[in-house]
Amino acid sequence: MTVEFGIIGGGWRSEYFVNVSRKLDQSFKVAGIVVPDRAKADLLEQKLHVTTYRTLDDMLRNTNPLFVLVSVSKSASLAQLNALADREVPVLAETPPAADLEGLNQLYLRTLKEARIQVAEQYALQPAHAARLVLVQSGKLGRVSQAQVSVSQDYHAMSLIRKLLGLQFENAVIMARRFISPIVAGPTRQGPPTEEKIIEIPQTIAYLDFGDKLAVYDFATDQHRSWIRSNRVLVRGDRGELNNNRLKYLKDFSTPVTLDLLRQDTGQEGNMEGYYHRGILAGEEWVYRNPFAPASLSDEEIAVATCLAKMAEYAQGGPSFYSLAEAAQDHYLGLMVAQAVAQGTPVRTTFQTWASA
């Protein structure tokens with residue numbers, strides 16, 4: 001079955017979803033893209049070979065998408081999500097789903113009525129993070145009490161932190177500081193650097209104290225694209241720890257075990273299968289298998305495709321995979337980290353409307 005979905009928005013992230021669906025054209029198809037500006041729409045049609053529409057109703061009259069991806073600015077997101085709710089169309093919203101705390105609360109109250117919304121948070125669906133979550137949830141680490149995440153910014157990192165620590169809407173005391181440091185500029189959304197240039201980037205380090213669990217957030221601007229900055233994930237439990245791609249745990253109190261998470265990719269050296277990601281092994285156990293093999297996809301593309309597949313299940317009555325409540329909580333935590341940086345003193349989170357669920 002080919003899943004047809006619509007898109008609102010003609011930005012770079014919308015293009016990313018189009019390109020992923022094209023690589024998996026037996027599974028996904030873009031029914032159309034809503035782009036109000038005619039000139040921009042013409043350029044998009046020429047570049048991506050897709051059909052564009054000026055309005056949402058125009059697209060819905062001419063197509064029958066299973067769901068619609070909303071990929072617009074934070075300030076414009078709420079109006080589009082409300083419009084789709086009015087038309088009873090399931091929505092996959094890009095992150096974050098609203099610009100501020102007020103917008104998040106308004107949007108969540110709307111979902112209590114008729115809106116069917118999931119959020120396209122892809123980081124936990126990337127192969128390495130998905131494998132780590134499997135190991136954390138397996139119980140090998142025992143009771144997990146600490147997660148240190150230096151992977152991506154704000155809500156993306158908070159999503160990983162909550163999942164690694166097994167948190168829902170628990171409150172935290174947050175302490176945070178920001179530092180400025182020089183670095184040679186690396187790749188951007190526009191591509192690799194064309195010259196050597198020193199830039200100054202902000203780095204935020206925050207401690208989120210959930211009482212019996214601690215999270216450490218550490219991120220420098222564009223770290224996830226940098227050629228000379230590494231991502232780091234450390235998860236600690238009372239029976240072991242997972243440090244990036246190394247798992248150490250106790251089989252019993254006197255038997256320590258060490259396993260490395262090993263990527264299995266084809267197309268290397270003498271392998272003639274073509275290049276694709278097969279999965280990740282920890283010892284003899286598959287902790288992650290790529291559901292889209294043998295398509296040649298990057299980890300980010302695999303994660304985006306997984307979002308689309310899970311959204312298709314949800315739109316047809318399947319389970320929630322990343323709800324608006326979860327997305328709102330992660331964005332809220334990110335906003336509170338920024339507030340702690342701005343005021344220079346600890347802040348305490350409070351329960352919001354979505355926590356009542």
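**Exercise 1. A glutamine and its surroundings**

Gln 352 sits in the segment after β17; strands (E, at least two residues) and helices (H or I, at least four) are DSSP runs, numbered from the N terminus. The model is predicted, so local features need pLDDT of at least 70 and side-chain atom pairs count only at pLDDT 80 or more, while totals for chains, interfaces and linings use all residues. Residues are numbered from 1 along each chain as its sequence is written, and side-chain values use heavy atoms, with hydrogens and water left out.

Task: decide whether Gln 352 counts as buried or exposed, and list what Gln 352 touches beyond four places in sequence.

Solution.
- Step 1: take the cut-offs, which are under 20% relative accessible area for buried, over 50% for exposed, and partly exposed in between (1.4 Å probe, protein chains only).
- Step 2: the relative accessibility of Gln 352 is 15%, so Gln 352 counts as buried.
- Step 3: apply the contact rule, heavy atoms within 4.5 Å. Setting aside residues up to four places away in sequence, Gln 352 touches Leu 101, Asn 105 and Tyr 332.
- Step 4: for a distance check, Gln 352 and Ser 75 lie 277 residues apart in sequence and 20 Å apart in space, C-alpha to C-alpha.

**Exercise 2. Rings that pair**

Task: find how many aromatic pairs the rule gives, and classify the pair of Phe 5 and Phe 67 and that of Tyr 332 and Trp 354.

Solution.
- Step 1: rings of Phe, Tyr and Trp (its six-membered ring) pair if their centres lie within 6.5 Å; planes under 30 degrees apart count as stacked, over 60 as edge-to-face and the rest as tilted. The count by this rule is 2 aromatic pairs.
- Step 2: for Phe 5 and Phe 67 the ring centres are 5.4 Å apart and the planes meet at 5°, so this pair is stacked.
- Step 3: Phe 5 belongs to strand β1 (residues 3-8) and Phe 67 to strand β4 (residues 67-70), so the pair ties together parts that are 62 residues apart in sequence. Both Phe 5 and Phe 67 are buried.
- Step 4: Tyr 332 and Trp 354 have ring centres 6.1 Å apart and planes at 70°, so this pair is edge-to-face. Tyr 332 is in helix α9 and Trp 354 in the segment after β17 (347-348), 22 residues apart.
- Step 5: Tyr 332 is buried at a relative accessible area of 3%, and Trp 354 is buried at 0%.

**Exercise 3. Two helix crossings**

Task: name the relative orientation of α5 and α9, then that of α1 and α8.

Solution.
- Step 1: two packed helices are described by the angle between their axes and the distance between the axes. Here, axes are lines fitted to C-alpha atoms, for helices over the stretch in contact, and angles run from 0 to 180 degrees between N-to-C directions.
- Step 2: angles under 35 degrees count as roughly parallel, over 145 as roughly antiparallel, 65 to 115 as roughly perpendicular and the rest as oblique.
- Step 3: the axes of α5 (residues 101-111) and α9 (residues 324-343) come within 10 Å and cross at roughly 170°. The two helices are therefore roughly antiparallel.
- Step 4: the α5 side of the contact includes Leu 104 and Tyr 108, and the α9 side includes His 331 and Tyr 332. The contact holds 9 nonpolar, 2 polar and no charged residues, where Ala, Val, Leu, Ile, Met, Phe, Trp, Tyr, Cys and Pro count as nonpolar, Asp, Glu, Lys and Arg as charged, and the others, Gly among them, as polar.
- Step 5: the axes of α1 (residues 12-23) and α8 come within 10 Å and cross at roughly 85°, and these helices are therefore roughly perpendicular.
- Step 6: Arg 13, Tyr 16, Phe 17, Val 20 and Lys 23 of α1 meet Glu 300, Glu 301, Val 304, Ala 305 and Leu 308 of α8. That contact divides into 6 nonpolar, no polar and 4 charged residues.

**Exercise 4. The length and burial of α8**

Task: compare the expected span of α8 with the distance between its end C-alpha atoms.

Solution.
- Step 1: the expected span is 1.5 Å times one less than the number of residues.
- Step 2: for the 17 residues of α8 (residues 299-315) this gives 24 Å, and the end C-alpha atoms are 24 Å apart, which agrees.
- Step 3: 13 of the 17 residues are buried, so α8 is largely enclosed by the rest of the structure.

**Exercise 5. Backbone details**

Task: locate the cis peptide bond at Pro 96 and describe the phi of Glu 88.

Solution.
- Step 1: Thr 95 and Pro 96 are joined by a cis peptide bond with omega about -20°, and Pro 96 is in the loop between β5 and α5.
- Step 2: Pro 96 is among the contacts of His 331, a residue of helix α9.
- Step 3: Glu 88 is not a glycine, yet has a positive phi of about 60°. This residue lies in the loop between α4 and β5 and is exposed at 66% relative accessibility.
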